[in-house]
Amino acid sequence: MRITSGMAQRHVLSDLQRVQERLAQAQSQVSSQKRVEKPSDDPLAAARATRLRSDLSSNSSYSTAVDESKSWLDATDSALMSLSDIVQHVRELTVQAANGATSDAGRQAIKAQVDQLTEQAKTTLNGAYDGRYIFSGTATDQPPYTAAGGDTYQGDSGAVLRQIGPGVTVQVNVTGDDVLSGILPALRTLSDHLQSNDVASLGTTDLKAIDTGMDTLAGAQAQVGAITNRVTAAGTRLDDLTDVTTKLLSDTEDADLPKALTDLSTQQNALTAALQSGSTLIQQSLMDFLR
């Protein structure tokens, strides 16, 4: 088959177009430092990169839930520690009041302190985190105790849940009713016995009721501590998983920069050679035409 000058020129132009496309791809990889920028670059790698980015997005959401859970739990633990100090102080006052050496007037002074500490206990559980009351169950816009409500718990028994991993949900709250339902009646009864100078009850039933309340409080603190440890461990696992997934994503779609630079240089040389070859061929064809 006779090769005409037109066929040769089309062949040259086709070669130049392919070389230019490869050069453009090499330039894009160097500038973006990405080997896979669109699915057509590597369909399998592109699909894998999409899955990995989805995993990173999920991990980010779980990490946010972990951070919020830890802050909520820290606020809860701080309030429970303050409440524990209050109840411990009440116990010390009760022991003092039960001592026969304490005068009736002294017990009335202790009663005034106990009444103040009782109100302080309720105020302590009215603490909020990020504008939400942490001891009100799911009724986080409502303080657990109010002046108008007296000792009646105003929240609900709902569990505040956070998802900290795939299929992993934890309850991060305890309610004011869980903590104070036994302590408040004990403190009110103690106040009555102080008012009446009932020394026998002070040293027996009142102390026992306070100790029972402290056991309940200690149980709540232990629960919060256990959940905090679990959430912290989940956060560490998420950080490790995020690091691994980020590396896998980089290995999947990032360009090998030294290799990309070498390829860019190769394609630039190829384009130069193709242009020179095409120029020679076209000049020869022109000379043939003129002859």
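1. Helix 3 has a substantial list of buried residues: Arg107, Ile110, Lys111, Val114, Leu117, Thr118, Ala121, Lys122 and Thr124. Viewed down the helix axis, these buried residues fall within an arc of 145 degrees, so they line one face of helix 3. The model is predicted.

2. The spacing fits a general rule. An α-helix has 3.6 residues a turn, so residues three or four places apart point the same way.

3. What lies on the face of helix 3 turned away from its buried side? That face carries the exposed residues Ala105, Gln116 and Thr123.

4. Which elements cover the buried residues of helix 3? The cover includes helix 2 (43-98) and helix 4 (176-180). Helix 5 (183-195) and helix 6 (199-253) are also part of it.

5. The length of helix 3 checks out. Helix 3 runs over residues 104-124, which is 21 residues. At 1.5 Å a residue it should span 30 Å, and its end C-alpha atoms are 30 Å apart, so the two values agree.

6. Now the whole chain. The protein chain has seven helices and four strands. Along the sequence, the order is α-α-α-β-β-β-β-α-α-α-α.

7. Contacts reach across the sequence. Take contacts in the protein chain between residues at least 6 apart in sequence: 68% of them join residues at least 24 apart.

8. Burial and surface come last. The protein chain has 291 residues, and 36% of them count as buried. The chain exposes about 16000 Å², with carbon and sulfur atoms supplying 53% of that area.

Key:
Residues are numbered from 1 along each chain as its sequence is written. This is a predicted model: local features need pLDDT of at least 70, side-chain atom pairs count only at pLDDT 80 or more; totals for chains, interfaces and linings use all residues. Side-chain values use heavy atoms; hydrogens and water are left out. Helices (H or I, at least four residues) and strands (E, at least two) are DSSP runs, numbered from the N terminus. Buried means under 20% relative accessible area, exposed over 50%, partly exposed in between (1.4 Å probe, protein chains only). Contact means heavy atoms within 4.5 Å. Accessible areas come from the Shrake-Rupley method with a 1.4 Å probe; for residues, only the protein chains shown count as cover. The expected span of a helix is 1.5 Å times one less than its number of residues. The arc is that of the directions from the helix axis to the C-beta atoms.
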